[in-house]
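Q: I have a model open on my screen and would like to learn how to read it. Could we go through it together, feature by feature?

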Amino acid sequence: MNEIVIPVQLIEALKKAQRVAILTGAGISAESGIPTFRDQLTGLWAKYRPEELATSKGFQRNPRMVWEWYAARREKVHTVEPNAGHYALAELARKVPELTLATQNVDGLHQRAGSEGVIELHGNINRVKCFDEGLLVDSWNENQGIPPRCPRCGGFLRPDVVWFGEMLPDEVFEKAEYAAKKCDVFFSIGTSGQVEPAASLARIAHGIVITINLEVESLISPYRYNFNGKAGEILPLLVQKL
Ligand code: BV8
């Protein structure tokens, strides 16, 4: 692991911060073994772009394939654990007066690491809803074919995630936007920043912006700190200095 230098002035700013806002992306779950979105998709889906699979049209075109893609991802999520990056953010919440964590991830790993009040911008793969009613379903008959059917109306079931072209759930984005505007320190962790409107949060963030990603060059300026490295290595180092 390269030597990670955490500037003293950043630690001082974090110790003084009243409100911290965080946006995470697939990169923070990578060290738990969850492939990021822009990794080469494995298996059957290697020939599709996520933007084709994670859409209502993609589901209507091939409900079985899309359901099975999510079922495989859900299975994977159940076999992995949160990593040191998730736990460091849960610890950070105990060290600052007010912390708002918004995630683009649908794996629920932040909650399993102990983070509370997580804003799930794009839903959660562990929840299932009726494609026609849009209402959650917590149990269904597995023997009725794939995708399973809604026990209420017989429509197809789908994962409770936000697909491309779908609105984010009411108030969810507004809550994250408010926190980004009001914060003293904003963290952008493990995201390529390609998906809107989530990516806009880093642009409207007030105060100091800290980016932790594999693809950023390290740079220090009065209000921006970029750490080029793994969230699971950098975050614990940073949080233990507070
Ligand atoms: C919407 C759930 C209104 C499903 C996902 C401008 C404004 C508004 C909308 C748009 C716009 N421009 C385009 C749009 C449309 C679209 C969009 O953004 N398209 C993109 C492709 C251009 N947005 C939408 O449709 C959104 N809805 O805007 O509603 C509307 C309605 C109708 C018409 C128009 C507008 C809804 C988007 C939600 C899509 N759902 N997920 C599922 O998971 O299956 S998005 C999905 O992809 C993820 O949730 C996540 O958001 C995104 C992946 O991004 P990342 O998390 O950043 O992951 P990625 O792999 O890209 O990057 C990982 C990073 O981590 C890398 O940089 C890597 O270097 C780094 N990394 C790797 N390992 C580590 C690491 N970093 C640190 N440590 C490590 N160990």
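A: Happily! A polar contact is a pair of N or O atoms within 3.5 Å; within protein, one must be able to donate a hydrogen and the other to accept it, and residues adjacent in sequence count only if both atoms are side-chain atoms. Here, an N or O atom in the side chain of Glu-215 is 3.0 Å from an oxygen atom of the ligand. This is a predicted model, where local features need pLDDT of at least 70, side-chain atom pairs count only at pLDDT 80 or more, and totals for chains, interfaces and linings use all residues. Residues are numbered from 1 along each chain as its sequence is written, and side-chain values use heavy atoms, with hydrogens and water left out.

Q: Which polar backbone atoms lie by an oxygen or a nitrogen atom of the ligand?

A: One belongs to Glu-196, 2.8 Å from a ligand oxygen. Another belongs to Ala-231, 2.9 Å from a ligand nitrogen. On its own the ligand has 1,500 Å² of accessible area (Shrake-Rupley method, 1.4 Å probe), and the protein covers 78% of that.

Q: How many residues surround the ligand?

A: Count a residue as near if one of its heavy atoms lies within 4 Å. That gives 37 residues, and the closest are Arg-38, Tyr-70, Gly-165, Ser-192 and Asn-213. By class, 16 are nonpolar (Ala, Val, Leu, Ile, Met, Phe, Trp, Tyr, Cys and Pro), eight are charged (Asp, Glu, Lys and Arg) and 13 are polar (the others, Gly among them).

Q: Which domains make up the chain, and how do they meet?

A: An automatic or database domain assignment sets the bounds: domain 1 is 1-34 + 81-122 + 167-242, and domain 2 is 37-79 + 126-161. Each gives at least three residues to the ligand shell. Their centres, taken over C-alpha atoms, are 28 Å apart. In contact (heavy atoms within 4.5 Å) are 13 residues of domain 1 and ten of domain 2. The size of an interface is often given as the accessible area lost when the parts come together. Summed over both parts, with a 1.4 Å probe, this buried area is about 820 Å², and carbon and sulfur atoms give 46% of it.

Q: What about the backbone: which peptide bonds are cis?

A: Most peptide bonds are trans, and most residues other than glycine have a negative phi. The bond from Ile-146 to Pro-147 is cis, with omega near -5 degrees. Glu-196 to Pro-197 is also cis, with omega near 0 degrees; Glu-196 is the residue whose backbone we met beside a ligand oxygen. As for phi, Glu-171 has a positive value, near 65 degrees.

Technical notes
Buried area is the accessible area (1.4 Å probe) that two parts lose on being put together, summed over both.
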